[in-house]
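I opened the model and kept notes as I went. The entries below follow the order in which I looked things up.

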Amino acid sequence: MSVDGVPITLGLQTDKAPGAYAELAVLAEDLGFSGVSVFSDLLYQPSIVALIEMARATRRLRLGCACWN
């Protein structure tokens, strides 16, 4: 998904249960979003877990870490 060539992405916090990130990433991809960023603020799960889960479930989404503590 893009507006005038600018990609539209989502940001997720790492406060979800295991398995939820794959489902959200597939939904984001199906809806046409360009990517998903994951925030890992203090006291939340590490970003890498969510990123790996989403990478396994999708094909074209750009994935990235928005905050890594």
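The notes start with the ground rules, then go from the overall fold to single residues.

**Ground rules.** I am working with a predicted model, in which local features need pLDDT of at least 70 and side-chain atom pairs count only at pLDDT 80 or more, while totals for chains, interfaces and linings use all residues. Residues are numbered from 1 along each chain as its sequence is written, and side-chain values use heavy atoms, with hydrogens and water left out.

**Fold.** I listed the secondary structure first and found two helices and five strands. Helices here are DSSP runs of H or I with at least four residues, strands are runs of E with at least two, and both are numbered from the N terminus. Read from the N terminus, the order is β-β-β-α-β-α-β.

**Overall dimensions.** I looked up the radius of gyration, taken over C-alpha atoms, and set it against the globule rule of 2.2 Å times the number of residues to the power 0.38. For 69 residues a compact globule would come near 11 Å, and the protein has 12 Å, which agrees. Along the principal axes, the C-alpha atoms fill a box of roughly 35 × 20 × 15 Å.

**Surface and burial.** I noted an accessible surface of about 4,400 Å², with 59% of it belonging to carbon and sulfur atoms. The areas come from the Shrake-Rupley method with a 1.4 Å probe. Of the 69 residues, 32% are buried. I use buried for under 20% relative accessible area, exposed for over 50%, and partly exposed for what lies in between (1.4 Å probe, protein chains only).

**Contacts.** I took contact to mean heavy atoms within 4.5 Å. Among contacts with a separation of 6 or more, 74% join residues 24 or more positions apart.

**Val 38.** I went to strand β4, where Val 38 is found, and read a relative accessibility of 0%, so Val 38 counts as buried. Its contacts beyond four places in sequence include Leu 12, Leu 51, Met 54 and Cys 65. Leu 51 is 13 residues away from Val 38 in sequence, and their C-alpha atoms are 7.3 Å apart.

**Leu 12 and Gly 11.** I then followed the contact to Leu 12, which sits in strand β3 (residues 9-13) and is buried at 14% relative accessible area. Beyond four places in sequence, Leu 12 touches residues including Tyr 21, Leu 24, Val 36 and Val 38. Gly 11, also in strand β3, is partly exposed at 46%. Leaving out residues up to four places away, Gly 11 touches Ser 37 and Phe 39. The C-alpha atoms of Gly 11 and Val 36 are 5.7 Å apart, with their positions 25 residues apart along the chain.

**Leu 43.** Which residue has a positive phi although it is not a glycine? I noted Leu 43, with phi at about 75°. Leu 43 is in the loop between β4 (35-40) and α2 (47-57) and is exposed, with a relative accessible area of 89%.

**Charges.** How many salt bridges does the rule give? I counted one, where the rule asks for a side-chain nitrogen of Lys or Arg within 4 Å of a carboxyl oxygen of Asp or Glu. Asp 15 and Lys 16 form it, with their closest N and O atoms 2.7 Å apart. Asp 15 is partly exposed at 45% relative accessible area, and Lys 16 is partly exposed at 25%.
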